[in-house]
Amino acid sequence: KKVRYMPIAPDAVAELASIIDEHGVPIRVTYETTTFTAGGYDEPSWAASGTSFSGTAMMFPVSSDKGGADFKFIEQGIIEINDTKLLVAGSLALSGTNAIRCIIDIRSSGTTFDLLQRLPYTEAGSNIFQKVFVRRRI
């Protein structure tokens with residue numbers, strides 16, 4: 001028997017964004033792009049690119065429970081137990097590549113985090129929310 005899922009109503013998406021806004025912490029997102037020197041042997045340098053924007057995120061510790069949703073990323077070496085998990089609204093534009101780095105400043109503290117993994121949850125083509133793993137910059 002095929003199970004049918006009821007699509008999420010726009011009101012439910014708005015309610016989830018409202019919960020994240022109400023119970024989350026403020027974040028500021030900045031992107032940086034990389035450039036290499038002519039020799040190509042040096043470490044890349046990074047510079048701010050584009051405009052920064054603000055949002056809200058709910059913070060959670062990474063779970064090390066075997067078989068849990070986070071554990072497969074620990075096993076793959078993508079995240080570590082000391083990293084942080086954020087839930088953010090689906091409308092917040094987060095991404096990153098080897099050439100573009102997404103920097104997240106939580107609570108305007110000046111402590112910044114690099115985006116490691118982004119898992120968007122979508123329904124009918126709309127981003128509902130995103131689970132984002134970040135690592136504190138040293």
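Me: Are D70 and K85 buried or exposed?
Reply: In this predicted model, D70 and K85 are both buried. The word applies to a relative accessible area under 20%.

Me: What makes the contact between the side chains of D70 and K85 a salt bridge?
Reply: The N to O distance is 2.8 Å. The cut-off is 4 Å between a side-chain nitrogen of Lys or Arg and a carboxyl oxygen of Asp or Glu, so the pair qualifies. D70 lies in the loop between β2 and α2 (71-75) and K85 in strand β3, 15 residues apart.

Me: How do you know that K131 forms a salt bridge with D70?
Reply: Their closest N and O atoms are 3.8 Å apart. The limit is 4 Å, so K131 and D70 count as a salt bridge. This pair spans 61 residues, from the D70 loop between β2 and α2 to K131 in strand β6.

Me: Why is K131 called buried?
Reply: The relative accessibility of K131 is 10%, and buried means under 20%, so the term fits. Leaving aside neighbours within four places in sequence, K131 is in contact with residues including A69, D70, K85, L87, R118 and Y121.

Me: What makes R135 and E80 a salt bridge?
Reply: Their side chains meet at 3.8 Å, N to O, and the rule asks for a distance within 4 Å, so the pair is counted. R135 belongs to strand β6 and E80 to the loop between α2 and β3, 55 residues apart.

Me: Why does R135 count as partly exposed?
Reply: The value for R135 is 27% relative accessibility. Partly exposed covers the range between 20% and 50%, so R135 falls in that class. E80, with a relative accessible area of 44%, is also partly exposed.

Me: Which residues do salt bridges that share partners join into one network?
Reply: The network consists of E32, D114 and R137. A search of the whole structure finds six salt bridges.

Me: How many aromatic pairs are there?
Reply: The count comes to three. One of them is Y31 with F53, at 6.3 Å centre to centre and 35 degrees between the planes. Y31 is in strand β1 (residues 25-35) and F53 in strand β2, 22 residues apart.

Me: Why is the pair of Y31 and F53 called tilted?
Reply: Ring centres must lie within 6.5 Å, and 6.3 Å meets that. Planes under 30 degrees apart would be stacked and those over 60 edge-to-face; 35 degrees is neither, so the pair is tilted. As for cover, Y31 is buried at 13% relative accessibility, while F53 is partly exposed at 23%.

Me: What makes the pair of Y121 and F129 stacked?
Reply: The ring centres of Y121 and F129 are 4.5 Å apart and the planes stand at 10 degrees. Stacked requires an angle under 30 degrees, so the label holds. Y121 is partly exposed at 33% relative accessibility, as is F129 at 21%.

Me: How do you know that β3 is largely enclosed by the rest of the structure?
Reply: Five of the six residues of β3 are buried, so the strand has little of its length outside that class.

Me: What makes β3 and strand β6 (residues 126-136) a pair?
Reply: There are six bridges between β3 and β6, in the antiparallel sense. At least two are needed, so they pair. Within this pairing T84 stands opposite V134 in β6. β3 also pairs with strand β2 (residues 45-61), again in the antiparallel sense, over five bridges. There, M58 has L87 as its bridge partner in β3.

Me: Why is L94 called buried?
Reply: L94 has 4% relative accessibility, which is under 20%, so it counts as buried. L94 is found in the loop between β3 (84-89) and β4 (100-106). Not counting residues up to four places away in sequence, L94 touches V29, Y31, V88, C102, R118, Q130 and V132.

Me: What share of the residues of the protein count as buried?
Reply: Of the 138 residues, 30% count as buried. The protein has two helices and six strands, running α-β-β-α-β-β-β-β from the N terminus.

Definitions and conventions:
Residues are numbered from 1 along each chain as its sequence is written. This is a predicted model: local features need pLDDT of at least 70, side-chain atom pairs count only at pLDDT 80 or more; totals for chains, interfaces and linings use all residues. Side-chain values use heavy atoms; hydrogens and water are left out. Helices (H or I, at least four residues) and strands (E, at least two) are DSSP runs, numbered from the N terminus. Buried means under 20% relative accessible area, exposed over 50%, partly exposed in between (1.4 Å probe, protein chains only). Contact means heavy atoms within 4.5 Å. Rings of Phe, Tyr and Trp (its six-membered ring) pair if their centres lie within 6.5 Å; planes under 30 degrees apart count as stacked, over 60 as edge-to-face and the rest as tilted.
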